[in-house]
Structures are given as structure tokens and as C-alpha cells.
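Please open the structure in your viewer and keep the selection tool at hand. The tour below proceeds one selection at a time.

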Amino acid sequence: GAWYREWRLVSLDGSTLDVADNLDNEKAFGRPSASRGSSAYPQVRFVSFVENGTHVLLGTGMGGYHEGEITLAHKVLPSLKQGMLCLADRNFFGFDLWKKARAGGADLLWRGKKNLRLPCEKRLSHRSYLGTIYRSDKDRRQGANGIRVRVIEYTLEGVIDAEPIYRLVTSILDPDRAPAR
């Protein structure tokens, strides 16, 4: 079915762009290191949402090369609104970013890192389960301040060097609303 038509699909990602090689840009943005000192051009780092259908960039945050993608992501998250489904890779998954991304009402489907601790609290249909994410181990031990999520586990059959298991974490708790397949 076309379950995804309920949402405007956007993806969160970051990258770098070379800028003109001049002193002002070097001071403003910095340069990455290279095998013989530093790279030929200063670079801007950016994080943006891209609308999956049109490839239009929206909610872009820019900074110097040495500014982290997570820092920039915090700046663009207010662009997420209800009716959007935001996809993101494992680099972005974390309690604070997740909570901030959900604040505008958007749904999330983010890949989790392979060492992510997300125990099954309730097994669901469609190869998924409910779990809870916490800001800290202290909160986890006390069962306090958690955010309920749905976890979808899958494998990549026949792919050389694939990880043994992949995990997607979503704010869509109802497996019938968004089946894992």
C-alpha cells in the first residue's frame, strides 16, 4: 500500500562544500587537514533537510568545517512540522536530537547505531517492538523521562560486509499505520 502518502518525506543529512580560496573564507570556515598540511580550499559544513520527492533543500544550517553535524542539526530541527516524516542516518540518533525533532509534531524514522541499547518492552507485529530511549543511564535505571519508540530490526541478505542486524527507530508506534516492510 501507499502508507507513506500520509507524510511529506524529508531526509536530514550533512555535507561539506569547497568555497573560494581566500583569507576571509579560511578565517570564517577553516580547512580540513590533508596529507601535506591542509586542503586546497576552505570548506563550509552544512546540515539540511531535503524533500525526498523534489530534492529541494529546506531548513539548512551552515557553519565552519570544524563545526559538527549534530550541532548544526539542532539549528535546523525547528523546520520539522506535523505531516512530515523525517528520515535520518545513525549519526543523528540520540535522545536530545530526537526530542527536539519531535517537538514540531513531525514523525521520525531514524537508523540507530549497531551498539544501541534498546531492549524489547513489547513485541509487535510487522517485525517490530516497543522500547524506550533515555537521556542517561540514571534515567534508564529509574525508568524516568523516557520517550517511547518503535524499533524495526532487519538484515541485509546477500550483502557482503553487511552488519548482522540493522535497527530503525520510529516515532510511529502503530505497526499497522506504517508496516515495517
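Begin with Cys 120 in this predicted model. Its relative accessibility is 39%, and it therefore counts as partly exposed. Next, select Cys 86: is this residue buried or exposed? Cys 86 has a relative accessibility of 0%, so it counts as buried. How many disulfides does the structure hold? The number is 0.

**The strand β4**

Now select residues 43–51, which make up strand β4. Of its 9 residues, 8 are buried, and the strand is therefore largely enclosed by the rest of the structure.

Add strand β1, residues 8–18, to the selection. β1 and β4 pair in the antiparallel sense, with 9 bridges between them. To find one place where they meet, display Asp 18 together with Gln 43, its bridge partner in β4.

Then add strand β5, residues 57–64. β5 also runs antiparallel to β4, and 6 bridges join the two. Two bridge partners in β5 may be displayed in turn: Gly 63 is the partner of Arg 45, and Met 62 is the partner of Phe 46. As you follow a strand, recall that in a regular strand the side chains alternate between the two faces of the sheet.

Follow the chain from β4 into β5, and you will pass through a hairpin with 5 residues between the strands. Select His 55 in this turn; its phi is positive, at about 65°.

**The nonpolar core**

Which residues have the most contacts inside the largest nonpolar core? Select Leu 12, Phe 49, Leu 80, Trp 98 and Trp 110 to see them; the core as a whole has 30 residues. Several elements give two or more residues to this core, among them β1, β4, α2 (69–76), β6 (84–88) and β10 (147–154). Helix α3 (95–102) is also one of these elements, and α3 gives the most, with 4 residues.

Finally, centre the view on Leu 80. Leaving aside its neighbours within four places in sequence, Leu 80 is in contact with Val 10, Phe 49, Cys 86, Ala 101, Gly 104, Ala 106 and Leu 108. The tour thus returns to Cys 86, the buried cysteine selected earlier.

Notes: Residues are numbered from 1 along each chain as its sequence is written. This is a predicted model: local features need pLDDT of at least 70, side-chain atom pairs count only at pLDDT 80 or more; totals for chains, interfaces and linings use all residues. Side-chain values use heavy atoms; hydrogens and water are left out. Buried means under 20% relative accessible area, exposed over 50%, partly exposed in between (1.4 Å probe, protein chains only). Two strands pair if DSSP finds at least two bridges between them. A nonpolar core is a set of buried Ala, Val, Leu, Ile, Met, Phe, Trp, Tyr and Cys residues joined through side-chain atoms within 4.5 Å. Contact means heavy atoms within 4.5 Å. A disulfide is a pair of cysteine sulfur atoms within 2.5 Å.
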